[in-house]
Amino acid sequence: MAAVCPTTRSTMGWAKPLKKLLYALPAPAFWLGVWQLSALWVDQRVGGRGNELLLPYPASVLNALLSLVGTGAFWGTVLASLGRVAAGLAVGVLLGALLAVLTCALPWADRLFSPAIRVVRAAPVASFILLVLLWTGRNAVPAVIAALMVVPVVWDSLSRGIQAVDRKLLELAQAYRFPWGRTVRLIYLPSLRPHILSALTTATGLAWKSGVAAEVLCLPQPSLGHQIYYTKYYLDIPELFAWTAVTVALSMALERVLRICLTRQSGRWGT
Amino acid sequence: MILCKDLCISFGDRAVMDRFSLQIPERGVTALSGPSGCGKTTLLRVLAGLERRQYGTTQGPAPQETAILFQDDRLLPWRTVAQHLTDVLPRDRRSLVPALLALAELEGEEATYPAALSGGMGRRLALARCLALDAKLYLLDEPFAGVDLPRALRILERLKDLPAPVVLVSHEESVLSHADHVIQLDGPPLKRC
């Protein structure tokens, strides 16, 4: 067998990330191109401040973003909103999981809670925002709303997951006299992993959407919603795009972190 | 003596057992043989307390003192070979892992996940896990499915040394000829030939 020389090995080491980059780049590049061309079209059709008011150039948004990132207030705003949304997400996930276990285990709990959860899922988020604003302080609204929006998603996904757990494995646990804690650790939790992952992915996006919407309506300070509200007030559209990009990036980063935590182990199973 | 008397079981309109009685020796390996679907698996499940009988009695070890090897492996894809055994062994008996792996001829596979095992290896792991239970009666449903014959016979010889009786289901003539006792069954409804 021919030996692989160090140079070849180092080239091979670069090949994989390069291939990954080449695979990932075309789609964002395409959409960036579409954005640039659309902004150019608006610029030619409207003229004057058309770009700044309707559709700014990507470069203008990047400039606005860079000038925001350079300020100390930016990081305070980001951390405050991240804290509220993460708190709402955590409470929503825990509550949704608890309700899923209850409604799957106890028929009376299913009859009691399922209709209420469905009502929460169907009700307009704006109504909840206004109600929660009346009941609590403005600072608590984004976290409460994020939690409320997350609960039905997690409940639904985990309930389906619990019902889909392999009955044969549960029979094995019964026949091999597993205590309930071991049954949960060895059968329920690993079986539910894809459902938890799917629920968290959807819930993270929803928590950010609803949390920032609540911030826009309730204006807690500092917050992303507060900043977004004032971009509308001053018609500072490049900054609106910049704050939106920050929100999307935070949502994707949080989702990515959760996904990595949950998928790190399953890759070793070979399934 | 392990005794089943006048067992009646039906699934819907289909009678699997109709006043079925059987005596199983209290020592050694007893092989049950019979055509597919005659009710052998149901009999093992009744003895393990997993199937409710509509009528009849059983005598012998209580369901919580039996260990059953299911017809399918029921391995956990997220647990390694060694973890499958430690999951069922109490802390003070975990030193038995190497002996169980040796019995099932799975030495060196401790860190392997089920997805990387062949069908026969998976079957042997399921068998080792069942034998890890401290039971007074082992009920093995086709323990050598997918296991090559020489290996199956070697493992069968080791099963004869267990302190508790073993009841196994097999269609393999060579396995039947090496068992201590063979009971030929027919059905449904289940009956002794």
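Start with helix 10 and helix 11 of chain A in this predicted model: their crossing is right-handed. Helix 11 covers residues 224–233, and the two axes come within 7 Å and cross at roughly 60°. Helix 10 of chain A and helix 11 of chain A are therefore oblique to each other.

To see the contact, select Trp208(A), Val212(A), Glu215(A) and Val216(A) in helix 10 of chain A. They meet Leu224(A), Gly225(A), His226(A), Ile228(A) and Tyr229(A) in helix 11 of chain A. By class, the residues of this contact between helix 10 and helix 11 of chain A are six nonpolar, two polar and one charged.

**The loops on either side of helix 11**

Next, select Pro222(A), which sits in the loop between helix 10 and helix 11 of chain A. The peptide bond that joins Gln221(A) and Pro222(A) is cis, with omega at about -10°.

Then go to Leu235(A), in the loop between helix 11 and helix 12 of chain A. Look at the backbone here: phi of Leu235(A) is near 50°, a positive value in a residue other than glycine.

**Helix 10 against helix 12**

Now select residues 180–218, which are helix 10 of chain A, together with residues 237–263, which are helix 12 of chain A. These two helices pack at an angle of about 160°, and their axes are 10 Å apart. That angle makes helix 10 of chain A roughly antiparallel to helix 12 of chain A. The crossing of helix 10 and helix 12 of chain A is right-handed.

On the helix 10 side of chain A, show Arg193(A), Ile196(A), Leu197(A), Leu200(A), Thr201(A), Thr204(A), Gly205(A), Trp208(A) and Val212(A). Facing them in helix 12 of chain A are Thr247(A), Leu250(A), Ser251(A), Leu254(A), Glu255(A), Leu258(A), Arg259(A), Leu262(A) and Thr263(A). The contact of helix 10 with helix 12 of chain A has nine nonpolar, six polar and three charged residues. Trp208(A) and Val212(A) may look familiar: they meet residues of helix 12 of chain A here, and they also meet residues of helix 11 of chain A.

**The largest pocket**

Stay with helix 10 and turn to the largest pocket, whose volume is about 440 Å³. Which residues should be selected to find its centre? Of the 16 residues that line the largest pocket, the closest to its centre are Val101(A), Ile162(A), Tyr188(A), Leu189(A) and Leu192(A).

Helix 5 (72–105), helix 8 (141–163) and helix 10 of chain A are the elements that give two or more residues to the lining of the largest pocket. Which of the elements gives the largest share of this lining? Helix 10 of chain A does, with eight residues. Colour the lining of the largest pocket by class and the result is 16 nonpolar, no polar and no charged residues.

**Helix 7 against helix 8**

For the last stop, keep helix 8 and add helix 7 of chain A, residues 125–135. The axes of helix 7 and helix 8 of chain A come within 10 Å and cross at roughly 140°. Helix 7 of chain A and helix 8 of chain A are therefore oblique to each other, and their crossing is right-handed.

Select Val125(A), Phe128(A), Ile129(A), Val132(A) and Leu133(A) of helix 7 of chain A, then Val141(A), Val144(A), Ile145(A), Leu148(A) and Met149(A) of helix 8 of chain A, to show the contact. Its residues, across helix 7 and helix 8 of chain A, are ten nonpolar, no polar and no charged.

Conventions
Residues are numbered from 1 along each chain as its sequence is written. Chains are lettered from A and ligands numbered from 1 in the order in which they are written. This is a predicted model: local features need pLDDT of at least 70, side-chain atom pairs count only at pLDDT 80 or more; totals for chains, interfaces and linings use all residues. Side-chain values use heavy atoms; hydrogens and water are left out. Axes are lines fitted to C-alpha atoms, for helices over the stretch in contact, and angles run from 0 to 180 degrees between N-to-C directions. Helices (H or I, at least four residues) and strands (E, at least two) are DSSP runs, numbered from the N terminus. Angles under 35 degrees count as roughly parallel, over 145 as roughly antiparallel, 65 to 115 as roughly perpendicular and the rest as oblique. A crossing is left-handed if the near helix is turned anticlockwise from the far one by less than a right angle, and right-handed if clockwise. Contact means heavy atoms within 4.5 Å. Ala, Val, Leu, Ile, Met, Phe, Trp, Tyr, Cys and Pro count as nonpolar, Asp, Glu, Lys and Arg as charged, and the others, Gly among them, as polar. On a 1 Å grid over the protein atoms alone, a cavity is a set of points where a 1.4 Å probe fits but cannot get out, and a pocket is an open set with protein on both sides within 12 Å along at least five of seven lines; lining residues have an atom within 4 Å of a point. Grid points are joined across faces, edges and corners, and a volume is the space filled by probe spheres set on the points.
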